Amino acid sequence: MPDKPNIPQPPPFPRIRVLQIEDSLPDAELVISELEADAIDFEVRLVDDETGYLRELEDFKPHIVLSDLSMPGFSGERALELLREHDRDLPFIYVSATLGEEAAIAALRNGATDYILKQNPARLASAVRRALREHEAQKAQRRAEAELIRAQRFESLAMLAGGLSHDLRNLLQPLLLAGESLQDYQDDPRLARLGKLVRDCGRRGLDMVQSMLSFARGARRAEQVRVGALLDALNLLLQGSVPRNVALELAVDDPELSFSGNHTELQQCLLNLSLNAIQAMPGGGELRIEAGQQLLAADFFQEGESAEEGRYLRLSVIDTGCGMDEATLAHLYEPFYTTKEGGTGLGLLSCKRIVASHGGAMRVESALGQGTGFHLYLPLGAQLEEMPEGEDDEHLLGNAERVLVVVEEAAQLSLLVDTLDAWGYQAHASQSGTAALQWIEAHGVPDLVLMDADMNLFTGVRTLAALIDHGYRRAVVVLTRPDAPPDLDEMPEVERLYLVDKPVATFKLLGTLREALDGDG
C-alpha cells in the first residue's frame, strides 16, 4: 500500500470554548465526539435554558455556539436572537434533526453561521473550523476599517494642527518684537523685566508651535537629530498630558549628542510610549525618560535584527505603573493585540518598526506591580556642528524678520524654512524665482533673501537680477557648492552679498543671517 502523500496541514486552532445548547445528553455527546475525532482542542459548556445560556455568554465567553433548534421552554431562534444582541459576529451553528430547507434558509438570513443535521454530523468539525476562520477574518477586517478611519481622522487633525500652528506663530511673532522694544527701557527696571518676560514667553510659545507643526507635517527625510532637541520637543508635546499625580523627569547625559535619523518619527515613538506609560499609572507614579550612550556587543541582538555591534544611543521610557505579565509580553508586538479599551494594538508595532528603520533595536522590561521600561537602541553617526566653546546662541535669534527662502529642492527648502522658523524668523518658502517674484508683488519687499545658487528652471543669477528689477536693495545670502562657486562677475551687482557653503551648517547660516541683517540695519 503506497504511503500517503505528505500534505502540509494548516496550523491548529488554539483551544476554543464551545457553548452547546442541547437538552439531550446522547445528542450532546454525539457533537463532542465529532469534534474530538477531528482533533479540535476545545472546552465545552452545556446549557438547556435561557438563564444558563445568558450566564455562560458572560462568564464562559465562548468562541462558538452550537444549538439545537427546539427544546422545552427554550428555542434555537431565541438563542440566536440573544446572541446577536450580545455579539453580532460570534459564530452560531444549528445542530438539529428537524431543520427543513426553508427553516435553514430562514436561519441563515437571521444571522446563523451554518446548520448541521444530526442525521449527518460528519460535516460538523469542518463547519466549526470554517466558522472560526471566517470570524477571525471578520474581526481583522473590522479592525483594519477602524484603523483606516482612525488614520484618516489623525490626518485631518494633522492638517488642522498645521493650520493652527501657522496662525498661532503669526500671532506670537509680535511678542518677540514687543519684548525687545520694552527691554530698551533699561532706565525703568520694571519695563525691562516685563520686556524680558514677554520676549521669553513669545519665544517659548513659538517653540511649542514649531514642535506641533513639525509633528503634524510628519517629516519624511533623514536628518541630523540632536538628542537635547528631541527630548525638548517631547517635553513640550507632553505638557498638558501629564496629570498632577505623575512626576515627569528627563535625564540626558549629553544634550548635544547627534545622530542620523528622522526627528518626527522618533518623536512620535517616544510620545506613544510616554502616553502608554501615563495610562499605566491611573493612581499616579513616576515617568522617567533617559538618554545615554551604550556599547552593544553582537550577542545583544536577536535573530532578524539588522543592527550591528558598536556605540548606540539608548532612549528609555520608564514608569512605575501596573506592569505586564508574561502572557501580555508574549503578544506585545502582535498587530491588533491590545489590553486598552478602544486601543488598536498598532502603537508598539509602529514603534518597533520605526526603531528598526533606524537600524536599531527595542527591548522591554516589565513585571506586574513593578512598572515597565522600554529601551530604544539607535546607532550613533556623525555629530552636528557644535556651538564654539564659550559662546551662546542668544545673538543668533531672529526678531521676526521676514526672510524669503528661494530653493528649488523641496526637502532642502522645507528644512531651511523649519530651521529659520524655530530661530525666530518669519520664513517664507518659494521653490522658484518666478514664485519669489510673485510673493514680493503680493507681500512687499522682505528683510532678506536667502537663495540657492543651483537652480535649473530659473537660475540663481536670473532670480537675483529679477529681484533687483523689482526693487530689492537689501542683503542677499546665497548657498553655494565649494567645488562650483558662482562666477561673481556674472552675478548682478548687489551691495551686500554673502556666500554660505553647502551642505549648510546651521550655526554658520544663522550667524551669516544676523551679520547680513545687522549690517543692513
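Here a trainee and a mentor talk through some helices, a sheet and aromatic pairs of a predicted model.

Trainee: Which ground rules apply to this model?
Mentor: Happy to start there: the model is predicted, so local features need pLDDT of at least 70 and side-chain atom pairs count only at pLDDT 80 or more, while totals for chains, interfaces and linings use all residues. Residues are numbered from 1 along each chain as its sequence is written, and side-chain values use heavy atoms, with hydrogens and water left out.

Trainee: Which residues of α1 are buried?
Mentor: Helices (H or I, at least four residues) and strands (E, at least two) are DSSP runs numbered from the N terminus, and α1 covers residues 25–37. Buried means under 20% relative accessible area and exposed over 50%, with partly exposed in between (1.4 Å probe, protein chains only). The face turned away from the buried side carries the exposed Pro26, Glu36 and Ala37. The buried residues of α1 are Ala28, Val31 and Leu35.

Trainee: What arc do they cover around the axis of α1?
Mentor: The arc is taken from the directions from the helix axis to the C-beta atoms. These buried residues sit on the same side of α1, because their arc is only 60°.

Trainee: What is the strand order in the open sheet of five strands?
Mentor: Two strands pair if DSSP finds at least two bridges between them. Pairing in this sheet is mixed, and the order is β9-β11-β12-β14-β13.

Trainee: Which are the edge strands?
Mentor: Look for strands that pair on one side only. One end of the sheet has seven bridges joining β13 to β14 (residues 371–379), and those two run antiparallel. The edge strands are β9 (246–252) and β13 (361–367).

Trainee: What is the bridge partner of Val364 in β14?
Mentor: Strands of a sheet pair through backbone hydrogen bonds, either parallel or antiparallel. For Val364, the partner in β14 is Phe374.

Trainee: How many aromatic pairs are there?
Mentor: Rings of Phe, Tyr and Trp (its six-membered ring) pair if their centres lie within 6.5 Å; planes under 30 degrees apart are stacked, over 60 edge-to-face and the rest tilted. One edge-to-face pair is Phe92 with Tyr94, at 5.1 Å centre to centre and 80° between the planes. By this rule, the count is six.

Trainee: How many residues apart in sequence are the parts tied together by Trp423 and Phe507?
Mentor: This pair is edge-to-face, with 6.1 Å between centres and 90° between planes. Trp423 lies in the loop between α11 (410–422) and β16 (426–430) and Phe507 in α14 (residues 506–520), so the parts tied together are apart in sequence by 84 residues.

Technical notes:
The expected span of a helix is 1.5 Å times one less than its number of residues.
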